[in-house]
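Student: I'd like to learn how to read a structure feature by feature. Could you walk me through one?

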Amino acid sequence: MSDQGDLHGSCLCGGVRYRAALPVFHASHCYCTMCRKQHGAAAGSYANVASAGLVIEQGAGLIAEYASSADGRRDFCRVCGSTLFWRSTESPDRVAITLGTLEPEYGGPVERELFADNKPAWRPRG
Ligand SMILES: [Zn+2]
Ligand SMILES: [Zn+2]
């Protein structure tokens, strides 16, 4: 079976590799305080895909999960700290994968800005 058209990603240390089946339902920049804290950045940037299409190709044992809220789960590499996935236990059929870990670079549109009123003044400007 071909995986052409899938998204491919990896963490900073290369220990975790994954692929995710298209389509992307939507992509977003989230400026909520939790995303800003976890990413150490102005926003968390994600592509929302079907969790059934997410395959951890390498390094599943390196993935740690943090419960950031009652239903929010944040997966990251325990070696290098790369943020990988966000999921909600209330929507187990979907998972959000971090745009910054995708290779090649994500080429789709980013349709949504979440918690836009929480954008920091120091964010990068286009
Ligand atoms: Zn890593
Ligand atoms: Zn957020």
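Student: Let's begin with secondary structure. Over residues 7-123, what percentage of the chain is helix and what percentage is strand?

Tutor: Keep in mind that this is a predicted model. Over residues 7-123 the chain is 6% helix and 43% strand, and the C-alpha atoms at the two ends sit 27 Å apart. That range comes from UniProt, where an unreviewed entry places the feature "domain: CENP-V/GFA" at residues 7-123.

Student: How many helices and strands does the protein have, and in what pattern along the sequence?

Tutor: Count one helix and 10 strands. Reading along the sequence, you get β-β-β-α-β-β-β-β-β-β-β.

Student: Now the overall shape. How does the radius of gyration compare with that of a compact globule?

Tutor: The idea is to take the chain length, work out what a compact globule would have, and compare. For 126 residues the expected value is near 14 Å, and the protein has 14 Å, so the two agree. Along the principal axes, the C-alpha atoms fill a box of roughly 45 × 30 × 30 Å. As for contacts between residues at least 6 apart in sequence, 60% of them join residues at least 24 apart.

Student: On to sheets. What is the strand order in the open sheet, and which strands are at its edges?

Tutor: Look for who pairs with whom. Three strands form this open sheet, ordered β1-β2-β5, with antiparallel pairing. The edges are β1 (7-10) and β5 (54-58), each of which pairs on one side only. Ignoring direction, neighbouring strands here are turned by 25 degrees against each other on average. For a close-up, β1 and β2 share four bridges in the antiparallel sense, and serine 10 stands opposite arginine 17 in β2.

Student: Is arginine 17 buried, exposed or partly exposed, and why?

Tutor: Counting C-beta neighbours settles that. A residue with 20 or more within 10 Å is buried, one with 12 or fewer is exposed, and anything in between is partly exposed. Arginine 17 has 17 such neighbours inside 10 Å, so it counts as partly exposed. Leaving out residues up to four places away in sequence, arginine 17 touches Ser10, Glu57, Gln58 and Gly59. Proline 92, by comparison, is 75 residues from arginine 17 in sequence and 21 Å away in space, C-alpha to C-alpha.

Student: And threonine 33: where does it lie, and is it buried or exposed?

Tutor: Threonine 33 belongs to helix α1 (residues 33-39). Threonine 33 has 9 other C-beta atoms within 10 Å, so it is exposed. From threonine 33 to alanine 43 you go 10 residues in sequence and 8.6 Å in space, C-alpha to C-alpha.

Student: Which strands pair with β3, and in what sense?

Tutor: Check the direction of each partner. Strand β3 (residues 26-30) pairs with β4 in the antiparallel sense over five bridges. With strand β10 (residues 112-114), β3 pairs in the parallel sense over three bridges. Cysteine 30 shows both pairings: its bridge partner in β4 is glycine 44, and in β10 it is leucine 114.

Student: What about hairpins? How many residues join β6 to β7?

Tutor: Four residues make that connection. Strand β6 (residues 63-67) and β7 are antiparallel over five bridges, with alanine 64 bridged to phenylalanine 76 in β7. Then β7 pairs with β8, again antiparallel over five bridges, and glycine 72 stands opposite serine 88 in β8. The hairpin of β7 and β8 has five residues between its strands, and glycine 81 there takes a positive phi near 85 degrees.

Student: Last one, the core. Which residues of the largest nonpolar core touch the most other members?

Tutor: In soluble globular proteins, nonpolar side chains tend to be buried together. Here the largest nonpolar core has 24 residues, and Tyr46, Ala47, Val49, Leu84, Ala96 and Ile97 touch the most other members. At least two core residues come from each of β2 (17-20), β4 (44-50), β7 (72-77), β8 (83-88) and β9 (94-98). Take leucine 84: setting aside residues up to four places away in sequence, its contacts include Cys11, Val16, Ile63, Phe76 and Ile97. Across the protein, buried residues make up 29% of the 126.

Conventions:
Residues are numbered from 1 along each chain as its sequence is written. Chains are lettered from A and ligands numbered from 1 in the order in which they are written. This is a predicted model: local features need pLDDT of at least 70, side-chain atom pairs count only at pLDDT 80 or more; totals for chains, interfaces and linings use all residues. UniProt positions are given in the numbering used here, feature names are shortened, and annotations may be inferred rather than shown by experiment. A nonpolar core is a set of buried Ala, Val, Leu, Ile, Met, Phe, Trp, Tyr and Cys residues joined through C-beta atoms within 7 Å. Two residues are in contact if their C-beta atoms, placed from the backbone, lie within 7 Å. Two strands pair if DSSP finds at least two bridges between them. Axes are lines fitted to C-alpha atoms, for helices over the stretch in contact, and angles run from 0 to 180 degrees between N-to-C directions. The radius of gyration is taken over C-alpha atoms; the globule rule is 2.2 Å times the number of residues to the power 0.38.
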